[in-house]
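Please have the model open in your viewer, with a way to select residues by chain and number. We will go from stop to stop, with a short note on what to look for at each one.

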Amino acid sequence: MIEGDQVLMSGNEAIARGAIEAGIRFCASYPGTPSTEITEYIMKTSDRRDIHAEWSTNEKVALEASTAASWAGLPALCPMKSLGLNVAADFLLNVNLSGTGDGGLVIVVCDDPRGHSSSNEQDSRFYSKAAHLPLLEPSSCQQAKDIMPYAFEISKRYEIPVIVRSTTRLSHTRAIVELGEVPDIEIESAHDIPSNLYNVPRPDFKHKQLLAKLDDIKEDFEKSRFNKLDSSDKRVRILASGITNRYSEEAMRKLDLEDIEILSITTTFPLPGKSVLKALDSATHVLFAEEGQPFTEENVAVLFAKRKNRTVPELHGKIDGVIERYGELNVDKVAHALSRITGCEFRPVPPEFEERAQKSRELLLDRPPTFCPGCGHRAVYWAIKKAKQRFDKPVVVTGDIGCYSMGIFYDSSLDTMQAMGSSIGTASGLGQLSRFGFDQKVIAVAGDSTFFHACLPGLVNARNKNADLTFIVIDNNTTAMTGFQPSPSSHIQRGETFSVDIENIARAALPDYIDIGIASDIPATTDLIHENLTRDGLKIIIVKAVCRLAEREDSKAERPKVYIDADSCIGENCKLCMTQFGCLAIEWNEEEDHSEIENHLCVRCGDCIVVCPHDAIRRG
Amino acid sequence: MKQHQNILIAGVGGQGNLVCGKTLAQAAVEEGYKPVVGQIFGASRRGGTVQTHVRISNSNLGPLIPRGDVHIILGLEPMETLRAAIEYAGPETIALMSETPVQTVDSLAGRKLYPRLDELRGSLSALARRVYSVDPTETLEDLGTYRVQNSYMLGALCGIQTARLSKESIKTGLIEIVGRSQPNTEAFEEGLKAGRCAVSE
């Protein structure tokens with residue numbers, strides 16, 4: 001691929017390509033949907049292009065490592081998902097003051113409105129406001145690429161991080177992108193890091209300096225070619241940012257409205273107030289089309305509030321509710337908002353169609369995400385369930401973030417699920433409540449990548465405070481949910497990386513008991529879990545599991561087939577393998593009244609064999 | 001092209017929904033269009049509903065097909081075809097449905113009943129202008145793999161002759177995306193035959 005080529009690219013790939021065209025030398029990241037493909041794209045050519053690209057232990061470490069590269073003069077990229085920025089925020093709200101040296105540092109944060117692949121729908125733009133850092137919101141795949149060199153230019157000039165915000169619909173949209181030139185940079189050697197890379201003893205002085213930088217950046221943004229803030233005599237203006245530009249254009253066409261001008265703001269913080277006010281001049285109505293919270297809407301409202309003795313247009317959006325404040329935007333939502341503002345009618349489908357659609361809806365069944373056939377997590381949750389049944393006291397199970405989060409949908413195997421590392425953190429609290437009469441035993445469940453990402457402080461706390469809990473680490477040797485990136489403990493490491501052993505780290509915390517289990521040996525895992533429930537103290541069980549999606553395709557064929565012996569299956573009266581174990585590869589044969597293995601789905605793990613009380617599931 | 005064409009690919013995680021989207025986009029590029037593909041993956045690949053929006057035009061459209069504006073629903077799974085129709089179908093919609101159901105956790109467990117095919121077809125007919133359905137089971141069993149159902153359905157899409165894109169470009173696109181593997185090519189050809197014989201309801 002060379003300069004001038006027109007290539008189909010996702011928004012994420014375009015961001016990565018833009019960073020390569022900006023001449024990055026360093027990229028550190030933690031995988032998280034919808035941001036993962038940025039780093040993956042860079043990794044594809046990182047060796048050839050002499051770029052250091054790594055999956056870091058978590059987003060904070062990734063940001064710290066990228067900043068260090070920038071300090072040493074190397075342009076660095078740090079992509080992450082929305083919630084990742086929460087993890088990195090502590091460092092971010094310090095390094096904004098300390099500065100990033102002359103290398104250049106761009107943070108790409110991918111928000112997930114509607115939470116397609118996230119446990120919340122946070123608007124990460126507020127971090128740019130909190131940290132006083134410039135923010136760019138590209139509106140198309142092409143602009144996502146084009147804006148990256150600009151972002152680096154600003155970062156280098158002002159020696160602070162620049163935040164580029166994408167959303168799922170941009171990150172995961174493919175469109176034609178015209179490529180630019182990749183600079184032929186000789187391997188730059190790193191230089192000494194600048195002096196004074198700390199904020200004490202006078203953080204307030206550093207704060208003052210940062211605010212002065214922000215004033216200058218605002219002036220730069222007044223002239224930015226990435227905004228489209230033309231004057232207009234149209235009565236209604238839409239101020240769009242990010243992908244909502246496209247929705248606004250289409251909504252306007254759909255309603256066949258002419259008295260509307262779409263303005264586009266890409267440099268959303270610090271807001272270039274003069275050009276925005278000029279572009280909105282003489283409008284009677286302004287609609288803010290933005291994903292997330294009314295961020296730009298509030299910033300513009302402040303601009304108007306400061307303007308004295310002038311008429312203010314009616315401001316519409318998420319504050320007055322013409323667009324709902326939760327969920328993801330689309331053409332229909334913008335069209336509805338326009339119809340409410342202008343009074344023109346909008347019906348996406350005729351009413352009779354609506355009725356028929358409503359009736360058809362009754363036929364639909366939900367499809368909650370579930371474990372793949374043969375997934376080790378299902379086996380572990382089955383063992384937990386059996387151990388809980390055998391145990392005489394109630395048990396609470398705290399969950400974490402990864403494929404095993406789907407325990408929520410698996411017979412409510414998890415009672416809680418919040419942030420990375422929260423399984424052991426919340427368990428360390430619950431495990432200290434016995435003197436207040438909390439008499440439930442506590443199990444915390446996390447995976448290998450999450451163990452390293454955020455469980456270690458919780459584990460240390462649990463040991464230090466002598467919390468009574470059982471910590472189950474399901475080690476399937478990969479970061480499965482985001483597409484099988486190696487975790488620090490993975491056997492197969494990329495390039496020069498070195499495997500870090502979970503068991504050794506866990507033992508170093510000096511737990512009262514530590515055991516190793518194998519997920520596919522369900523009876524033994526059940527015994528282990530039950531035994532540890534009867535004990536007091538800090539107990540750790542590391543369960544080795546296999547991700548069947550990451551497993552080699554031919555490993556399945558090496559195992560003997562699993563089948564159901566029709567004569568032994570007692571049929572309708574049991575159905576336990578289907579109603580409770582719930583593997584998608586077991587189906588019901590209505591005519592013959594027994595269950596059946598779907599061979600094209602079965603991975604021949606054999607986990608279901610012990611589940612059948614009648615020994616009807618066999619191998620051979 | 002005077003008007004753009006919106007194709008919605010409806011299926012379940014793991015069915016090759018994204019491959020279909022990429023193939024159609026590649027085919028559109030071959031013909032000089034500027035396609036835009038909106039896709040959602042992540043948690044949904046684990047057995048959840050997956051919809052890919054393919055928009056073929058000469059301009060840079062947004063990634064989501066507006067409600068009522070879908071021209072073709074390419075349904076890789078029967079119930080998901082209906083789900084897509086309920087959410088996006090309109091007066092111009094033509095639905096092409098695969099007859100191979102993917103059960104849900106609840107239907108497997110017997111807690112809920114997976115709808116009958118004739119019920120689904122009936123409901124679809126009330127929402128779409130034309131409905132075609134094809135059954136890839138025999139072909140897939142002969143080929144010994146269910147992983148090429150997407151190639152079969154792309155073939156069927158060419159067979160019913162509603163896509164603006166030519167059979168040749170879709171085939172080229174498919175080879176570009178999945179390679180020239182024998183099961184894929186064969187599934188495509190079988191799908192093409194089935195599509196040509198399919199009669200709309």
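## Where two strands meet across chains

Begin by selecting A:Ala175 and B:Val36: the two stand opposite each other, the latter in strand E2 of chain B. Keep in mind throughout that this is a predicted model. Now widen the selection to residues 173–178 of chain A, which form strand E8. This strand and E2(B) run antiparallel and are joined by 3 bridges.

## The rest of the interface

Next, show both chains together. How many residues does each chain bring to the contact? Chain B gives 59 residues and chain A gives 55 residues. Between them the two chains bury about 4900 Å², with 61% of that on carbon and sulfur atoms. Select B:Arg46, B:Arg67 and B:Leu108: these supply 18% of the area that chain B buries against chain A, more than any other three residues.

For a close-up, pick A:Arg367 and B:Glu80. Their side chains meet in a salt bridge, at 2.4 Å from N to O. Across this interface there are 5 salt bridges, and 13 residue pairs are in polar contact, both residues having pLDDT 80 or more.

Colour chain B by its helices and strands. At least two residues of the side that touches chain A come from each of several elements, including helix H1 (17–30), strand E3 (49–56) and helix H4 (117–127) of chain B. Helix H2 of chain B, at 78–88, also belongs to that set, and H2(B) supplies the largest share, 6 residues. Sorted by class, the side of chain B that touches chain A has 29 nonpolar, 16 polar and 14 charged residues.

## A strand with both faces covered

Move to residues 395–399 of chain A, strand E13. Is this strand buried or exposed? Here 5 of the 5 residues are buried, so the strand is largely enclosed by the rest of the structure. In a regular strand, side chains alternate between the two faces of the sheet. To follow this in E13(A), select A:Val395, A:Val397 and A:Gly399 for one side, then A:Val396 and A:Thr398 for the other; all are buried.

Now add the neighbouring strands. E13(A) runs parallel to strand E15 (residues 441–447) of chain A, with 4 bridges joining them. In that pairing, A:Val397 has A:Ile443 as its bridge partner. E13(A) also pairs in the parallel sense with strand E14 (residues 416–417) of chain A, over 2 bridges. There, look for A:Gly399 opposite A:Met417.

## A buried serine

Select A:Ser66, in helix H3 (residues 59–71) of chain A. A:Ser66 counts as buried because its relative accessibility is 0%. A polar atom of its side chain lies 2.6 Å from the backbone oxygen of A:Ala62. Leaving aside neighbours within four places in sequence, the residues in contact with A:Ser66 are A:Phe26, A:Ala28, A:Ala76, A:Leu77, A:Cys78 and A:Leu105.

## A mostly covered helix

Go on to helix H10 of chain A, at residues 273–280. Of its 8 residues, 6 are buried; among them are A:Val276, A:Leu277 and A:Leu280. What covers the buried residues of H10(A)? The cover includes helix H8 (203–222), strand E9 (236–240), E10, strand E11 (285–289) and helix H11 (295–306) of chain A.

Look at both ends of this helix too. In the loop between strand E10 (260–264) and H10 sits A:Pro270, and the peptide bond leading to A:Pro270 from A:Phe269 is cis, with omega near -10 degrees. Just after H10(A), A:Ser282 takes a positive phi of about 70 degrees.

## More backbone turns to find

Select A:Thr33 and A:Pro34, which are joined by a cis peptide bond with omega of about 5 degrees. A:Pro34 belongs to the loop between strand E2 (26–29) and helix H2 (36–49) of chain A.

Continue to A:Asp50, in the loop between H2 and strand E3 (52–55) of chain A. A:Asp50 is not a glycine, yet has a positive phi of about 60 degrees. With a relative accessible area of 35%, A:Asp50 is partly exposed.

Finish in chain B with B:Gln161, found in the loop between helix H6 (149–159) and helix H7 (167–178). B:Gln161 has a positive phi of about 55 degrees, although not a glycine, and is exposed, with a relative accessible area of 67%.

Key:
Residues numbered from 1 in each chain as written. Chains lettered and ligands numbered in written order. Heavy atoms only, no water. Buried < 20%, exposed > 50% of the residue type's maximum accessible area, 1.4 Å probe, protein only. Pairing = 2+ DSSP bridges. Contact = heavy atoms within 4.5 Å. Buried area = accessible area lost by both parts, 1.4 Å probe. Salt bridge = Lys/Arg side-chain N within 4 Å of Asp/Glu carboxyl O. Polar contact = N/O pair within 3.5 Å; in protein donor to acceptor, adjacent residues only side chain to side chain. Nonpolar A, V, L, I, M, F, W, Y, C, P; charged D, E, K, R; others polar.
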